[in-house]
Amino acid sequence: MRHYILILIGILCLQSCVVTKGIKYGNASVDDYTIFEQDTVYKGSFSYNFHEKQLRVNLIDTLKFEIYRSKVDTLLNLTLRETMDYVDVPSAAIVIQNDTIIFEHYSGGWNQDSQSCIFSVTKTITSLLCGVAFKDGYIKSLSDPITDYIPELKDADPMFSQLNIEHLLDMTAGLKFNENYSWNPFSKIAKLYMGSNTLKVLKKLGFAHTPGENYSYDSATTAILGIVIERATGKPYAQYLSEKIWQPLGMEKFALIGLDSKKHHTAKSFAGLTTNVRDLAKIGKLFLENGVCKGIQIVDSAFIQRCLSTHISGIASKSQGRYSYSWYWGVEDEEHGKRKYFNTLEELEQYYANHPEKSSYMIYKNLKNGYYAVQHHGGFWGYGLYGQVLYVNPSKNMIAVYLGADRLKDFDILFEQLSTYLK
């Protein structure tokens, strides 16, 4: 019996490159660019450098953040630097204000030259590239049905004709796709990330909801957007990203974008970009400057403003998310790592009236546990699988980036807290 099981496993592995890769490589890793097919995003002939200020006493190194470790029921008080060193995995972080680096730290063997896969922060870059293609006239309208650009999807499911580009940007596509990151080489996310034909995977997807109604985060949605950009521009993702972003912004290093295969050459626009903290911060700078670089409007300011807005995706009767054109906003108020709930709206409002230091908040209701608040200190961010963060806060003229193989606490929360101390 065991002999037949081994033969069956062998046949499955031969038939599926996804299963083979899943068994060989396991879960996704920050250095996946070393094992999967890549395309190069070339830098230009000049590099832009942020100012560097040597401080005798760095404010950020004096700030302690409360971090609750539920497994051992311990409350830690650590600086950003200590937070990174505590985990002791490869990681990098940078904080920039007014074009000046005010904090930069590398841990776990990484340094300024280290490159890392940024996973779903790639979605934020793909959203930007969509805005560029829209400004360039390659995309006529964000209301265009995606079948204008990928007509073969009409035959896969008629519902694709109702799916437009803005649905993709806001994660309201309504696709039947489970974003489950547990190790399972047979899952849809594994087929999308490790498969050799992205479009083939997308054609097999159905719809759980009518597009535009239900917020549901999934990578297939941005995979479609990446193909739309390539079809609209007639250029590979890497080439267009190089010409419109990497070269004009003065990136210091080449970047890489993962491909499904040499044959199909479809970019992993949802999770495949590899870069470093300094170059990623320059994307943040473009957003703080309303899409202008060296006096040239690279992407329309209206698109930038929509990205950096407190937009709610989806409709109230379905499912909603704090997500706008691939940027998140708002952190949930917590105590010891758990969301703070209130039985009634009156209790919530009274609590925050008595705690003005909590800044502005929005009210949400969870049908099971009651009401909870979302605080917004002005920041917006892209977020990746292992806690990678590209953060901008226009009100503080602040950019922050975290890249790493893991984290003790999510850096979007830490950066939001940090922003309240910066003038």
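Are Phe160 and Phe207 buried or exposed? Both of them are buried, and they show up again in one of the close-ups below. Keep in mind while you browse that this is a predicted model.

**View 1. Two aromatic pairs bring distant parts of the chain together.** Searching the whole structure turns up 21 aromatic pairs. In one of them, the ring centres of Phe119 and Tyr193 sit 6.5 Å apart with their planes at 40°, so this pair is called tilted. Phe119 belongs to the loop between β7 (116-117) and α4, while Tyr193 is in helix α7 (residues 188-194), and 74 residues separate the two along the chain. Phe119 has 2% relative accessibility, so it counts as buried. Tyr193, at 11%, counts as buried too. Now for Phe160 and Phe207: they make an edge-to-face pair, with 4.9 Å from centre to centre and 75° between the planes. Again the partners come from distant parts of the chain, 47 residues apart. Phe160 is in the loop between α5 (153-156) and α6 (165-169), and Phe207 is in the loop between α8 (198-203) and α9 (219-233).

**View 2. Five aromatic residues gather in one cluster.** Look for Trp381, Tyr391, Tyr402, Phe411 and Phe415, which together form a single aromatic cluster.

**View 3. Here are two cysteines, in a structure with zero disulfides.** A disulfide is a covalent bond between the sulfur atoms of two cysteines. A search of the whole structure finds zero of them. Take Cys307: the nearest cysteine sulfur belongs to Cys130 and is 9.2 Å away, and Cys307 is in no disulfide. To count as a disulfide, the two sulfurs would have to be within 2.5 Å. Cys307 counts as buried because its relative accessibility is 0%. Cys117 is buried as well, at 3%.

**View 4. Helix α4 is largely enclosed by the rest of the structure.** This helix runs over residues 121-135. Want to check its length? At 1.5 Å a residue, its 15 residues should span 21 Å, and the end C-alpha atoms are 22 Å apart, which agrees. Of those 15 residues, 13 are buried, so the rest of the structure largely encloses the helix. Just after α4 comes Gly137, with a positive phi of about 90°.

**View 5. In helix α11, 12 of the 12 residues are buried.** That count is why α11 is described as largely enclosed by the rest of the structure. The buried residues include Arg278, Asp279, Lys282 and Lys285, along with Leu280, Ile283 and Phe287. The length check works here too: the 12 residues (277-288) should span 16 Å, and the end C-alpha atoms lie 17 Å apart, which agrees.

**View 6. Two cavities of 30 Å³ or more are found inside the structure.** Rolling a probe the size of a water molecule over the atoms shows where empty space is left. The largest cavity has a volume of about 60 Å³. Its lining includes Cys117 and Tyr193, two residues from the earlier views, as well as Asp32, Phe36 and Lys268. Sorted by class, the lining has five nonpolar, four polar and two charged residues. The second largest cavity holds about 30 Å³. Among the residues lining it are Tyr106, Trp110, Asn111, Val277 and Leu403, and its lining divides into five nonpolar, four polar and no charged residues.

**View 7. Trp110 is in the loop between β6 (100-107) and β7.** Its relative accessibility is 18%, so Trp110 counts as buried. Ser91 is 19 residues away along the chain, with 6.4 Å between the C-alpha atoms of Ser91 and Trp110.

**View 8. The largest pocket takes up about 1100 Å³.** It is lined by 30 residues, and the closest to its centre are Glu66, Glu334, Lys409, Ile413 and Gln417. Strand β3 gives the largest share, five residues. By class, this lining has eight nonpolar, seven polar and 15 charged residues.

**View 9. The second largest pocket has a volume of about 720 Å³.** Of its 28 lining residues, Tyr215, Gln320, Gly321, Arg322 and Glu332 lie nearest the centre. Strand β13 gives the most, five residues. Here the lining divides into 15 nonpolar, seven polar and six charged residues.

Conventions:
Residues are numbered from 1 along each chain as its sequence is written. This is a predicted model: local features need pLDDT of at least 70, side-chain atom pairs count only at pLDDT 80 or more; totals for chains, interfaces and linings use all residues. Side-chain values use heavy atoms; hydrogens and water are left out. Buried means under 20% relative accessible area, exposed over 50%, partly exposed in between (1.4 Å probe, protein chains only). On a 1 Å grid over the protein atoms alone, a cavity is a set of points where a 1.4 Å probe fits but cannot get out, and a pocket is an open set with protein on both sides within 12 Å along at least five of seven lines; lining residues have an atom within 4 Å of a point. Grid points are joined across faces, edges and corners, and a volume is the space filled by probe spheres set on the points. Ala, Val, Leu, Ile, Met, Phe, Trp, Tyr, Cys and Pro count as nonpolar, Asp, Glu, Lys and Arg as charged, and the others, Gly among them, as polar. Helices (H or I, at least four residues) and strands (E, at least two) are DSSP runs, numbered from the N terminus. The expected span of a helix is 1.5 Å times one less than its number of residues. Rings of Phe, Tyr and Trp (its six-membered ring) pair if their centres lie within 6.5 Å; planes under 30 degrees apart count as stacked, over 60 as edge-to-face and the rest as tilted.
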